[in-house]
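Trainee: I should like to learn how to read the features of a protein model. May we work through one together?

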Amino acid sequence: MFDTTIAGSLPKPAWLAETHKLWPRWRLGGDALQEAKLDATALWIKAQEDLGLTVIGDGEQSRQHFVHGFLERVEGIDFDHKVEIGIRADRYKAMVPQVVGPLRLARRVHATEARHLRAHTKRRIKFTLPGPMTIVDTVADRHYGSRERLAFAFAELLNKEAHALVADGVDIVQFDEPAFNVYPAEVHAWGVPALERAAQGLACTTAVHICYGYGIPANVEWKRTLGDQWRQYETIFPLLAASTIRQVSLECQHSRVPAELMALLEGKDVMVGAIDVASDAVESPQEVADTIVAASRFVPRERLIACTNCGMAPMHRDIALAKLEALVRGTALAEQRLG
């Protein structure tokens, strides 16, 4: 059967954090919070296994936000004096930390959760990190004076942590770059080179996730402005096809991305987003199978992986579980249909 996996985040239990929010507040503090984060991670590992996913993630249960969860361990960043900025080309406002000095990793970032994930499943595991361009777009720079310089500074830190994750037993390291769909000129100029720097020399499988964002109102409204065809991938995929990145995760279910654009990812494994994270409507297995079968017209079957469109952090937990069940059942149906 095709591999099945999640794009990254999963809903946090109500006893761990606020629900249905992209930047939720924790319910606990101190040692109790650290214990609760690992408990929530174990819960989701078991759920993914029970549902039948073949590649397991930690659901980002230990991170308040997929970008800021990494930044909390980076020296040179001021979280005490956050400022409001427009991110993703001013699509929405967010309170973000400031880069106030040279960036440095004083210690490991995700060692605890990566080792916890590895210890609790025998299946292959994937760990997600924010990509350099997306980090740059989610902080306020008061030191480097150049988005490109800042991106490469972050790329070096990401590469250091990624190598350590491989030593922890991680099979796939994925970099999340939703900003790639927003700044095509910068993707060409320095976005992909910075991504390659972040993935440089890794002995594991490398991946990049490029989506149209979480299912929050600002993203839903933005998608309505993109027209009948979403062709942002068209300029990005040839660059990735020529890169060393092995897997590309993209948004397909209920999107207006022309399926034929996947042919531009020649030689890459493609994580086909077959679950819509911007809707509470649970896909039928037939809908999931249709998406995978459509992708098989442009990507060799042995390179297809079934996935969610994006992270599911703001979603209701029961809906997320139902959608993941549909993903697995629909993937099995696609396998039958393709023979």
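Mentor: Let us start with an idea that will be needed shortly: a cavity is a set of grid points where a 1.4 Å probe fits but cannot get out. Please keep in mind that this is a predicted model.

Trainee: How many cavities of 30 Å³ or more does a search of the whole structure find?

Mentor: The search finds three. The second largest of these cavities has a volume of about 110 Å³. Its lining has 17 residues, and those closest to the centre are K12, K21, L22, Q64 and A313. By class, the lining of this second largest cavity divides into seven nonpolar, five polar and five charged residues.

Trainee: What is the volume of the largest cavity, and which residues are closest to its centre?

Mentor: The largest cavity has a volume of about 190 Å³. Among the 21 residues that line the largest cavity, F66, P178, C211, Y214 and C310 are the closest to its centre. The lining of the largest cavity consists of 10 nonpolar, seven polar and four charged residues.

Trainee: How should I read a pocket, as opposed to a cavity?

Mentor: A pocket is an open set of points, whereas the probe cannot get out of a cavity. In this model the largest pocket has a volume of about 290 Å³. It is lined by 15 residues, of which Q34, K37, S62, R73 and E113 are the closest to its centre.

Trainee: Which helix supplies the largest share of the lining of the largest pocket?

Mentor: Helix α1 does, with four residues. Both α1 (30–51) and α3 (111–119) supply at least two residues of that lining. Sorted by class, the lining of the largest pocket holds four nonpolar, six polar and five charged residues.

Trainee: Which residues line the second largest pocket?

Mentor: The lining is made up of V220, K223, R224, W230, E251, Q253, H254, R256, D276 and A278. Three of these residues are nonpolar, two are polar and five are charged. The volume of the second largest pocket is about 190 Å³.

Trainee: Let us turn to charged pairs. How many salt bridges does the structure hold?

Mentor: The structure holds 17 salt bridges. To recognise one, look for a side-chain nitrogen of Lys or Arg within 4 Å of a carboxyl oxygen of Asp or Glu. D168 and R115 form such a pair, with their closest N and O atoms 2.9 Å apart. Because D168 lies in the loop between α5 (147–167) and β7 (172–176) and R115 lies in helix α3, the pair ties together parts that are 53 residues apart in sequence.

Trainee: Is D168 buried or exposed?

Mentor: Residues under 20% relative accessible area count as buried. D168 has a relative accessible area of 12%, so D168 is buried.

Trainee: Which residue forms a salt bridge with D171?

Mentor: R118 is the partner of D171, and the closest N and O atoms of the two are 3.1 Å apart. This pair also links distant parts of the chain, for D171 is in the loop between α5 and β7 and R118 is in helix α3, 53 residues apart. D171 is partly exposed, with a relative accessible area of 29%, and R118 is partly exposed at 22%.

Trainee: Where are K323 and E283, which form another salt bridge?

Mentor: K323 is in helix α10 (residues 317–338), and E283 is in the loop between β10 (269–273) and α9 (285–295). The two residues are 40 residues apart, and the pair links distant parts of the chain. Their closest N and O atoms are 3.0 Å apart. K323 has a relative accessible area of 0% and is buried; E283 is buried as well, at 2%. Elsewhere, salt bridges that share partners join R88, D137, R147 and E186 into one network.

Trainee: Finally, how may I describe the surroundings of a single residue, such as S296? With which residues is S296 in contact, leaving aside its neighbours within four places in sequence?

Mentor: Begin with the location: S296 is in the loop between α9 and β11 (304–307). S296 is buried, with a relative accessible area of 18%. With those neighbours left aside, S296 is in contact with R301, L304 and L338.

Note on methods
Residues are numbered from 1 along each chain as its sequence is written. This is a predicted model: local features need pLDDT of at least 70, side-chain atom pairs count only at pLDDT 80 or more; totals for chains, interfaces and linings use all residues. Side-chain values use heavy atoms; hydrogens and water are left out. On a 1 Å grid over the protein atoms alone, a cavity is a set of points where a 1.4 Å probe fits but cannot get out, and a pocket is an open set with protein on both sides within 12 Å along at least five of seven lines; lining residues have an atom within 4 Å of a point. Grid points are joined across faces, edges and corners, and a volume is the space filled by probe spheres set on the points. Ala, Val, Leu, Ile, Met, Phe, Trp, Tyr, Cys and Pro count as nonpolar, Asp, Glu, Lys and Arg as charged, and the others, Gly among them, as polar. Buried means under 20% relative accessible area, exposed over 50%, partly exposed in between (1.4 Å probe, protein chains only). Contact means heavy atoms within 4.5 Å.
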